[in-house]
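Here are some short exercises to work through with the model open beside you. Try each task before you read its solution.

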Amino acid sequence: REVIIQIKSKPEVFAYYYYRSFEELKANIDLFTSVAFRWFETNEKGELFYEYQDDYSDILTFCRNHGVNTHASVVLMGADPLHALLSNQKNRSRLIGNLLHEVKNNHYDGVNIDFELINPKDAEAFTTFLRELKTSLGPDYVLSVAVFARTGNENWPTPYEYREIGKIADKVIVMAYDYSYKTSAPGPIAPIWWIKQVIAYMGNNIPKEKLLLGMPTFISLPLFRCLV
């Protein structure tokens with residue numbers, strides 16, 4: 001006896017686009033359900049600007065013609081500028097207003113926040129910013145947030161209030177890579193045993209349907225960082 005099981009549903013794959021990768025996007029568009037365009041930066045004042053020049057309009061049109069959701073991804077790294085942004089209500093409001101203007105004028109499906117190296121003392125302020133942003137975006141736009149992977153066994157403080165972020169964000173992207181970082185001793189990027197612990201911890205703190213697990217697909221060129 002033989003049973004044939006056909007799975008027609010497409011897995012959710014959320015990819016990051018960075019730095020003039022249009023040709024690679026064209027070649028792989030059928031793999032993705034959503035793309036976060038990491039061509040936006042902000043600063044301590046909440047100003048929004050493009051990090052590099054690209055064919056923005058053509059790229060967005062291409063994705064939409066292929067049924068791929070588009071997200072405006074904004075980055076800010078560094079404890080000092082992030083503290084100045086997150087701890088000041090006017091600066092937070094300025095960035096939120098700028099993001100709303102961008103997503104509405106250019107018809108994005110959502111906003112992706114990639115804030116890294118936040119001071120753990122600013123954890124509550126970061127959560128407040130996400131709550132204010134989601135309230136402003138409303139149900140019509142998806143809010144996704146990138147967070148560092150964690151197993152719960154670490155002895156370092158975290159700037160991410162995982163449970164609260166899981167309540168606010170529509171999608172939480174777990175950066176499950178860089179286990180052996182460039183400043184540490186040589187080692188694996190994402191050992192399986194560690195990934196299993198990360199999945200268990202995140203699943204206990206964030207609704208599983210909101211979780212996207214980051215995969216280290218950047219061994220050669222970091223053009224896309226796919227999440228499934």
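**Exercise 1: a strand and its neighbours**

In strand β6, the bridge partner of N112 is S144. Keep in mind that the model is predicted.

Task: Find how β5 and β6 pair, and trace the chain between them.

Solution:
- Start with the pairing: β5 (residues 110–116) runs parallel to β6, with 4 bridges between the two.
- Now follow the chain: after β5 it passes through helix α5 (residues 123–137) and then reaches β6.
- The handedness of this β-α-β crossover is right-handed.

**Exercise 2: the next partner**

Task: Which strand do 5 bridges join to β6, and which residue stands opposite V147?

Solution:
- The partner is β7 (residues 171–175), and the two strands run parallel.
- Opposite V147 you will find V174 of β7.
- To get from β6 to β7, the chain goes through helix α6 (residues 162–168), in a right-handed β-α-β crossover.

**Exercise 3: enclosed or not**

Task: Work out how many of the 7 residues of β6 (residues 142–148) are buried.

Solution:
- Apply the cut-off: buried means under 20% relative accessible area.
- By that test, 5 of the 7 residues are buried, so β6 is largely enclosed by the rest of the structure.

**Exercise 4: two helices**

Task: Describe how helix α3 (residues 79–86) packs on helix α4 (residues 89–106).

Solution:
- The axes lie 6 Å apart, at an angle of about 90 degrees.
- Angles of 65 to 115 degrees count as roughly perpendicular, so α3 is roughly perpendicular to α4.
- A84, L85 and L86 of α3 meet N91, R92 and L95 of α4.
- Sorted by class, the contact has 4 nonpolar, 1 polar and 1 charged residues.

Key:
Residues are numbered from 1 along each chain as its sequence is written. This is a predicted model: local features need pLDDT of at least 70, side-chain atom pairs count only at pLDDT 80 or more; totals for chains, interfaces and linings use all residues. Side-chain values use heavy atoms; hydrogens and water are left out. Buried means under 20% relative accessible area, exposed over 50%, partly exposed in between (1.4 Å probe, protein chains only). Two strands pair if DSSP finds at least two bridges between them. A crossover is right-handed if, with the strands pointing away from the viewer, the path from the first strand over the helix to the second runs clockwise. Axes are lines fitted to C-alpha atoms, for helices over the stretch in contact, and angles run from 0 to 180 degrees between N-to-C directions. Angles under 35 degrees count as roughly parallel, over 145 as roughly antiparallel, 65 to 115 as roughly perpendicular and the rest as oblique. Contact means heavy atoms within 4.5 Å. Ala, Val, Leu, Ile, Met, Phe, Trp, Tyr, Cys and Pro count as nonpolar, Asp, Glu, Lys and Arg as charged, and the others, Gly among them, as polar.
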